[in-house]
Amino acid sequence: MQPIPDHLAPNLDILFVGFNPSLKSGETGHHYANPHNRFWKILYQSGLTPRLYSPEEDQDLLAIGYGFTNIVERPTRNAAEISREEYAAGREQLKKKIEQYRPRIVCFVGKGVYEQYSGRKDAGWGVQTMPVVPGVCEFVAPSSSGLVRIKLDEIVEIYRQLVRLKERQNFC
């Protein structure tokens with residue numbers, strides 16, 4: 001099973017960062033491919049995309065200013081299988097990607113992803129006040145995994161904040 005490709009470009013509106021690919025994503029080569037993952041539905045219902053996209057169209061979102069990467073490249077059954085060493089290496093790689101590509105907003109898809117990246121344990125939902133990479137808006141959103149206990153409409157409402165941020169000139 002291979003890591004899935006990042007979809008990156010300079011100056012994206014939003015770069016979505018997950019923990020790591022699911023086994024299904026590793027099999028298909030596409031982000032958020034597990035049929036129980038609600039990512040694509042959340043993007044559409046929040047107004048971030050004009051229609052419901054499928055995982056096979058993940059690279060197409062570059063055209064509307066959205067990119068994808070993960071803090072750890074290795075596909076696993078769940079995030080509990082990721083080692084401290086993988087997180088440490090992934091944290092450095094992710095910071096370099098953000099510095100190189102300079103997305104306007106980095107959306108961490110899961111509070112745990114942001115905690116692993118930033119080293120902070122007190123992150124709330126939404127914009128973070130002290131970004132790791134200065135000048136980049138860091139946004140924490142709930143994981144889209146079907147295992148998350150937050151109701152879908154509550155998750156969608158948090159993602160709607162991204163729509164409002166994106167509409168601003170200075171973003172954050």
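Student: What span should the 16 residues of helix H5 have, and how far apart are its end C-alpha atoms?

Tutor: Keep in mind that this is a predicted model. At 1.5 Å a residue, H5 (residues 152-167) should span 22 Å, and its end C-alpha atoms are 23 Å apart, which agrees.

Student: Which residues of H5 are buried?

Tutor: The general idea first: an α-helix has 3.6 residues a turn, so residues three or four places apart point the same way. Here the buried ones include Ile-155, Ile-158, Tyr-159, Leu-162 and Leu-165. The buried residues of H5 pack against helix H2 and strands E1, E3, E4 and E5.

Student: How many disulfides does the structure hold, and why is Cys-107 not bonded to Cys-137?

Tutor: Zero disulfides. A bond needs the two sulfur atoms within 2.5 Å, and the sulfur of Cys-107 is 9.7 Å from the closest cysteine sulfur, in Cys-137, so that is too far. Cys-107 is buried, at 0% relative accessibility.

Student: What about aromatic pairs: how many are there?

Tutor: The count comes to 13. Take Phe-16 and Phe-68: they're stacked, 5.8 Å centre to centre with 20° between the planes. That pair links strand E1 to strand E2, with its members 52 residues apart. Tyr-32 and Trp-40, in contrast, pair edge-to-face, at 6.5 Å and 80°, and both are buried. These four belong to one aromatic cluster, along with Phe-39 and Tyr-66.

Student: Which charged residues lie over rings?

Tutor: Among them, Arg-51 has its charged end over the ring of Tyr-53, 4.0 Å from the centre. Lys-111 lies over the face of Trp-125, at 4.3 Å from the ring centre.

Definitions and conventions. Residues numbered from 1 in each chain as written. Predicted model: local features only at pLDDT ≥ 70, side-chain atom pairs only at ≥ 80, totals over all residues. Heavy atoms only, no water. Helix = DSSP H or I, 4+ residues; strand = E, 2+ residues; numbered from the N terminus. Expected span 1.5 Å × (residues − 1). Buried < 20%, exposed > 50% of the residue type's maximum accessible area, 1.4 Å probe, protein only. Contact = heavy atoms within 4.5 Å. Phe/Tyr/Trp six-rings, centres within 6.5 Å; stacked < 30°, edge-to-face > 60°. Lys NZ or Arg CZ within 6 Å of the ring centre and 35° of its normal.
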